[in-house]
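This report describes one protein model for a reader who is new to structural analysis. Please keep the sequence and the three-dimensional view at hand while reading.

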Amino acid sequence: MFAKPVLGRTTADTEGDVVVLLIGMRINHFWAVHQWLPVMLAMFRMLAELARDTDRGLLGRVLLTASPRTYYVVQYWESKEKLYAYAAAPDMFHHKVWGIVHRKERAGKARGHVGIWHEAYVVPEGSYESIYGDMPAFGLAAAHGQVPVERRGRSAKDRFAHRSESASS
């Protein structure tokens, strides 16, 4: 009743370049809850803000954990320009949070209780492929849509070679 549909063998219906942001935090001292909990809550608040305003360019996201200390989000963006615009927009929560972080660092009040990080990638068309077996839309497919694998190629080599119509012309 509540299960997402499972579609056999599928692939992501991507067109052009893919923009991926990995962003997260590491709890360096579990006992310093007053330091790391606000960071975690800020991430959830930013994700909610982006979900309310889809024109900002966030297409999809996956919340993950790498260990009991490390939590991160894989985000798929419409473009690097929209990612940069969100990060720098003075009316968005990210801008306020970065201001707080920078002030703490300059004042010597960042105590190392929580680490924060991000990595951003622009992956050109022809440099990514995906396959999902008996999976609902997930990751790249949840962000860009999902199509039967035959539309892009049965092998990884074929899916890497796929070009959108705009790139072919």
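The surface that the protein exposes amounts to about 10400 Å², and 58% of this area is supplied by carbon and sulfur atoms. The model is a predicted one. Along its principal axes, the C-alpha trace spans about 55 × 35 × 30 Å. The protein has 169 residues, of which 36% are buried. The charges comprise 22 positive and 17 negative ones, and the mean positions of the two groups lie 11 Å apart.

**Secondary structure**

Six helices and seven strands are present in the protein. Along the sequence they follow the pattern β-β-α-β-β-α-α-β-β-α-β-α-α. Contacts can also be sorted by how far apart the partners are in the sequence. Among contacts in the protein with a separation of 6 or more, 75% are between residues 24 or more positions apart.

**Strand pairing**

Strand S2 covers residues 18–27. Is S2 enclosed or open to the outside? Nine of its 10 residues are buried, so S2 is largely enclosed by the rest of the structure. Two of its pairings are with strand S5, which covers residues 114–123, and with strand S4, which covers residues 70–77. Both the S2 and S5 pairing and the S2 and S4 pairing are antiparallel. Within these pairings, Leu-21 stands opposite Ala-120 in S5, while Ile-23 stands opposite Val-73 in S4.

The table lists pairings of strands by their number of bridges.

| Strands | Sense | Bridges |
|---|---|---|
| S2 and S5 | antiparallel | 10 bridges |
| S2 and S4 | antiparallel | eight bridges |
| S1 and S6 | antiparallel | two bridges |

Strand S1, residues 9–12, belongs to the last of these rows. Its residue Thr-10 has Tyr-132 as its bridge partner in S6. S1 is also part of an open sheet of three strands, in which the order is S6-S1-S7 and the pairing is antiparallel. Why do S6 and S7 each have one side without a neighbour in the sheet? Strand S6 (132–133) and strand S7 (146–148) stand at the edges, each with a single partner strand, so one side of each has no neighbour in the sheet.

**Nonpolar cores**

The largest nonpolar core consists of 18 residues. Met-46, Trp-77, Tyr-86 and Val-97 are the residues with the most contacts inside this core. Strands S2 and S4 each give two or more residues to the core, as do helix H1 (33–52), helix H2 (80–88) and helix H3 (93–106). H1 provides the largest share, five residues. Leaving aside neighbours within four places in sequence, Met-46 is in contact with Tyr-86, Phe-93, His-94 and Val-97. A second core, separate from this one, has 12 residues, including Ala-12, Val-20, Val-74 and Ala-141.

**A loop residue**

Where is Lys-109 placed? Lys-109 lies in the loop between H3 and S5. Its relative accessible area is 49%, so Lys-109 is classed as partly exposed, since the exposed class begins over 50%. Lys-109 can also be compared in position with Ala-156: the two are 47 residues apart in sequence, and their C-alpha atoms are 49 Å apart in space.

Conventions
Residues numbered from 1 in each chain as written. Predicted model: local features only at pLDDT ≥ 70, side-chain atom pairs only at ≥ 80, totals over all residues. Heavy atoms only, no water. Pairing = 2+ DSSP bridges. Helix = DSSP H or I, 4+ residues; strand = E, 2+ residues; numbered from the N terminus. Buried < 20%, exposed > 50% of the residue type's maximum accessible area, 1.4 Å probe, protein only. Contact = heavy atoms within 4.5 Å. Areas by Shrake-Rupley, 256 points an atom, 1.4 Å probe, with all protein chains shown as cover. Lys, Arg positive; Asp, Glu negative; His and termini not counted. Charge placed at Lys NZ, Arg CZ, Asp CG, Glu CD. Core = buried A, V, L, I, M, F, W, Y, C linked by side-chain atoms within 4.5 Å.
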